[in-house]
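Visitor: I would like a close look at one part of this model, the nonpolar core. Please start there, and then show me how the rest is arranged around that starting point.

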Amino acid sequence: MRKRFDIVLLDADETVYDFKLAEKTAVSLTLRKFGVEPTDEVVTLYSAINLSCWKALERGELSREDLKPYRFQRLFESLGAESVDYVAVNDTYEGNLAHQAFLLDGALEFVKKLHEHCKIYLATNGLTIPQTGRFNKAALRPYVDGIYISEQIGHSKPDKAYFDYIFTDLGITDKSRVIMVGDSLTSDMLGGRNAGLTTCHYLNGEEPSKSDLCDYEIADYDEFFDILFE
């Protein structure tokens, strides 16, 4: 069998990391410290607000520095909670999130097996403190060759500049040997397409999108090896 790719750019959250569980745990710890009871409804509201803020970042409508306290300001105001230092809330949240290195079912086995054949680099739209902390604590760390965090790079997926940084850093000249794998159409798949890469959409329990942004869509990690080898 012929191997088609030498490098896999692998999204982190909801592709191999269980971000929903990590977020719920970190938000709950944080809100209790600042006097808000983290009910399921409150945590769900935060998740929706946070996601909308990251989508705004992807569209260039919000900066990373503004995003950090703004998501908590929106949450507290939506709840009618007492105003607090939202920078302090965010700093506490990032510290809590850095310790939550939960993986999706089968992710560790997938990365272990994939590392026998390819270089693997996590390509994540995230903040440096939590993403670095989670990466260093995760069981998959020994099988990953590096991590590229948008806050460190100064650009976010789907911006082509994010990928250009990676290409330069790794000395990549043949993009045909690189594939982007991730769960998000708006960051991973669009970003991979903007960068001229082959794209593989990991569905993570969702229905196939049949989007033109995806060269491939997989429902199970094992399906990726049918793409990797011809």
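Guide: This is a predicted model. Start with the largest nonpolar core, a set of 29 residues. Within this core, L10, V16, L114 and F224 touch the most other members. Several elements each supply at least two of the core residues. They are strand 1, helix 5 (107-115), strand 2 (119-124), strand 4 (178-182), strand 5 (198-202) and helix 10 (224-228).

Take L114 from that group. Setting aside residues up to four places away in sequence, L114 touches V8, I120, F224, F225 and L228. F224 is itself among the core residues that touch the most other members. Another core lies apart from this one. That other core has 24 residues, including V36, V43, F76 and V89.

Now move along the chain to C118. This residue sits in the loop between helix 5 and strand 2. C118 has 4% relative accessibility, so C118 counts as buried; the cut-off for buried is under 20%. Beyond its neighbours within four places in sequence, C118 is in contact with K3, F5, D6, V8, D145 and L228. Two of those names are familiar: V8 and L228 are also touched by L114. K3 deserves a second look. K3 and C118 are 115 residues apart along the chain, yet their C-alpha atoms are separated by 9.2 Å.

Next comes T15, in the loop between strand 1 (7-10) and helix 1 (19-33). T15 has a relative accessibility of 1%, so T15 is buried. Leaving out neighbours within four places in sequence, T15 is in contact with L10, L104, V181, G182, D183, Y202 and Y221. L10 takes us back to the core, as one of the residues that touch the most other members. D183 points ahead to the largest pocket, where D183 is among the lining residues closest to the centre.

F163 belongs to helix 8 (residues 160-170). F163 has a relative accessible area of 0%, so F163 is buried. Away from its neighbours within four places in sequence, F163 is in contact with L9, K157, M180, G191, G192, A195 and L197. Y148 makes a useful reference point for F163. The two are 15 residues apart in sequence, and 9.5 Å separates them in space, C-alpha to C-alpha.

Turn to the open space. The largest pocket holds about 860 Å³. Its lining has 33 residues, and D13, E14, F19, L51 and D183 are the closest to the centre. Helix 1, helix 2 (40-58), helix 4 (86-97), helix 6 and helix 9 (185-194) each give two or more residues to this lining. Helix 2 provides the largest share, with 6 residues. By type, the pocket lining divides into 9 nonpolar, 11 polar and 13 charged residues.

Helix 4 also carries E94. E94 has a relative accessibility of 4%, so this residue counts as buried. Apart from neighbours within four places in sequence, E94 is in contact with K68, L127, I129 and P130. P130 and I129 fall in the stretch 128-137, which is helix 6.

Helix 6 leads on to the enclosed space. The structure holds 1 cavity of 30 Å³ or more. About 30 Å³ of space lies in the largest cavity. Its lining is A12, D13, Y17, L122, Q131, R134, F135 and I147. Helix 6 gives the most to this lining, with 3 residues. The cavity lining divides into 5 nonpolar, 1 polar and 2 charged residues. D13 appears in the cavity lining, and D13 is also among the pocket residues closest to the centre.

Step back to the whole chain. The protein chain has 10 helices and 6 strands. Its radius of gyration is 18 Å, close to the 17 Å that the globule rule gives for 230 residues, so the chain is as compact as a globular protein of that length. Along the principal axes, the C-alpha trace spans about 60 × 30 × 30 Å. Buried residues make up 49% of the 230 residues. Among contacts with a separation of 6 or more, 65% come from residues 24 or more positions apart. The contact between C118 and K3 joins residues 115 places apart along the chain.

Terms used
Residues are numbered from 1 along each chain as its sequence is written. This is a predicted model: local features need pLDDT of at least 70, side-chain atom pairs count only at pLDDT 80 or more; totals for chains, interfaces and linings use all residues. Side-chain values use heavy atoms; hydrogens and water are left out. On a 1 Å grid over the protein atoms alone, a cavity is a set of points where a 1.4 Å probe fits but cannot get out, and a pocket is an open set with protein on both sides within 12 Å along at least five of seven lines; lining residues have an atom within 4 Å of a point. Grid points are joined across faces, edges and corners, and a volume is the space filled by probe spheres set on the points. Helices (H or I, at least four residues) and strands (E, at least two) are DSSP runs, numbered from the N terminus. Ala, Val, Leu, Ile, Met, Phe, Trp, Tyr, Cys and Pro count as nonpolar, Asp, Glu, Lys and Arg as charged, and the others, Gly among them, as polar. Buried means under 20% relative accessible area, exposed over 50%, partly exposed in between (1.4 Å probe, protein chains only). Contact means heavy atoms within 4.5 Å. A nonpolar core is a set of buried Ala, Val, Leu, Ile, Met, Phe, Trp, Tyr and Cys residues joined through side-chain atoms within 4.5 Å. The radius of gyration is taken over C-alpha atoms; the globule rule is 2.2 Å times the number of residues to the power 0.38.
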